[in-house]
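Thanks for making time this morning. I would like to walk through a few helix pairings, then a charged pair, and finish at the surface.

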Amino acid sequence: MTENYEIVLDTKLVGSINGKFYIPSYQRGYRWGEEEVTRLLEDILANGPNNYCLQPVVVRRDGDRFELIDGQQRLTTIYLIYKYMRSVGGSFMPEAKFTITYETREKSEQFLNNIDLSLKEDNIDFWFMCQAYEAIRDWFNAQGNISSFLEISSYFEKNVKIIWYEVGPNEDPIALFTRLNIGKIPLTSAELVKAMFLSRDENDMSRERQEEISLQWDNIEKELHNDSLWFFLTNSLSVGAYQTRISLILDLIVRKPRSSKDKNYTFFKFDEIRKQEKDLNKVWNRILRTFLVLKDWYEDHTLYHKIGYLIASDYMTLQDVFDLAESKTKRAFAASLDDKIRGSIDIKENYADLSYEDAAGYRKISTLLLLFNVESVRKIDNEAQRFPFDKFKKQKGSAGWSLEHIHAQQSEGLKTVEVWKKWLELHIPSVESIPEAEDGLVEEMQNAIRNPKLERNAFEDIMERVTSLLSAPGSVEYMHSISNLALLNSSDNAVLNNATFDAKRNKIIEMDKKGQYIPFCTKMVFLKYYTKSADNQIHFWGPADRIAYINSMNDVLAPYLREKIDVEKEDDES
């Protein structure tokens, strides 16, 4: 928004809107239909005696009248509602205290003042005004009682407000109208809050102080465009959710409910704060202080990871964390975060009993592995690394993180000849690297790839032999347990999902070389980081690997686990 230190920003009850408004020639006429009119009345009635906010009305003073730059549709509809209630209720019902005229459409002005439904077809403006008037009539008739007139009239006087946005006389009204109506930079709640500090109305701030706040505001917005900071604070990937990122800070201060659909909820709350505080410097200091608290959390290595995990796992929102921190010392806050992390993985059964095949088990394993990744990075001694919540969330939004089998021995999802051939191609390097491979197996795989009529039975026979060659001996009962699962962004890749450990490792190394983000612990699994060298079989994922993997989880997550994961018992039984 272009800085304008001549604006007047206020909220007005509909019943107190007063003055002469004119619609300039660069605007088209009234165009609201039945749907918009009915929705307005329904929203006002449903909101009842609670405060209800209409979108901004943007005006420019022109002598003893106001040029209506934006808000013609809303203001005209309100005028028509008053007109209809007066026609039915007579002198018992109030009239609108404002008038609407047109710079060039004199007949439209006359028609608005004397609605005649018989003239509906004479003029396009008449047609839309009549349609809106009929919609108002039908809506009141549907209510079935006179009390609805009294209710709407009362709400106009006590609860329904507009945002009064008055620009200075030097503002270019056509440029501003174009900007607002083509949707390039709408008057968002954040813009309105910023305008509150720049307004000349009831504002004792010096021009210099206003410029200082404007600069600080822009610097906060710029810092929040650092994705590392932004995605630490929120899981929101939608551009439309936060057209200005400082909105996140403003919403946090007023505790905007997640369920609220009111686009200007935050502005109205700040308007209330302004009237209570009567000192805009205090209001601004609260915004600045809130941002600095969040930035302090971001820069603290421990808080960054613990808060980041709680938000990324959807166990807490930023609002929840902010409320948790209120009135606590840093040490007490950190202890509370630990309690919340324990709560996020409070699983009643043994973790080893959780299964990939069960929906609840899948979610619990996913949460546990996310914490394992975040805590593993946090505990690196030199604190040089940080878990990249921005990369994690961006890839989660594009393809989705999934639980991947570290070693797969099934053909689930392998349904087409093309996929069978890709699976064989993926495994040829692994088979070539095994001295024990049967003679001719690689050639048989290559012939199958070249065969245009490869049949399922033939593929599955080769797959079974390849899988047996690349699998550690022993039971497959562990297949869907946490000891054989890792986080990987490959949910749409059936070939990779069903690959053996060695083939999957080669593919993941290739993905890593291309710069694709691989979670820290997933990378460590396929590098055999957790397995002692004496037990290391480079091509297989076997009992020793699973035990080492789970022991590392137990060590890293010890402060949060109710009981340790017991994978050794599982392997003893097998």
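Let me begin with helix α19, residues 441–450, and helix α20, residues 456–469, which pack at an angle of about 140 degrees with their axes 11 Å apart. Please keep in mind throughout that what you have in front of you is a predicted model. Since an angle has to be over 145 degrees to count as roughly antiparallel, α19 and α20 are therefore described as oblique to each other, and their crossing is left-handed. As for the residues involved, α19 brings Leu441, Glu444, Met445 and Ala448 to the contact, while α20 meets them with Asp461, Ile462, Arg465, Val466 and Leu469.

The next pair is α10, residues 247–254, with α11, residues 265–277, where the packing angle is about 55 degrees and the axes are 9 Å apart. That angle makes α10 oblique to α11, and here too the crossing is described as left-handed. On the α10 side the contact is made by Leu250, Asp251, Ile253 and Val254, and on the α11 side by Tyr265, Thr266, Lys269, Phe270 and Ile273.

Turning to the N-terminal part of the numbering, which way does α1 cross α4, left-handed or right-handed? The two helices, α1 at residues 34–47 and α4 at residues 124–143, have axes that come within 9 Å and cross at roughly 40 degrees, so they are again oblique to each other, but α1 passes α4 in a right-handed crossing. The α1 residues taking part are Glu34, Val37, Thr38, Leu41, Glu42 and Leu45, and they meet Gln131, Ala132, Ala135, Ile136, Trp139, Phe140 and Gln143 in α4.

Now to the charged pairs. Side chains of opposite charge can pair when their charged atoms come close. A search of the whole structure finds 40 salt bridges, and one of them joins Asp227 to Lys394, with the closest N and O atoms 2.6 Å apart. This pair links distant parts of the chain, given that Asp227 sits in helix α9, residues 227–233, and Lys394 in helix α17, residues 389–398, a separation of 167 residues.

Finally, the surface. Ile509, Leu527 and Tyr529 form a nonpolar patch there, and together they have about 310 Å² of accessible area. Of these residues, Leu527 can be placed in the loop between α23, residues 520–526, and α24, residues 543–556.

Notes. Residues numbered from 1 in each chain as written. Predicted model: local features only at pLDDT ≥ 70, side-chain atom pairs only at ≥ 80, totals over all residues. Heavy atoms only, no water. Patch = residues over 30% accessible without salt bridge, like charges linked within 9 Å, V, L, I, M, F, W, Y side chains within 5 Å. Areas by Shrake-Rupley, 256 points an atom, 1.4 Å probe, with all protein chains shown as cover. Salt bridge = Lys/Arg side-chain N within 4 Å of Asp/Glu carboxyl O. Helix = DSSP H or I, 4+ residues; strand = E, 2+ residues; numbered from the N terminus. Axes fitted to C-alpha atoms, helices over the stretch in contact; angles between N-to-C directions. Parallel < 35°, antiparallel > 145°, perpendicular 65-115°, else oblique. Left-handed = near helix turned anticlockwise from the far one by under 90°. Contact = heavy atoms within 4.5 Å.
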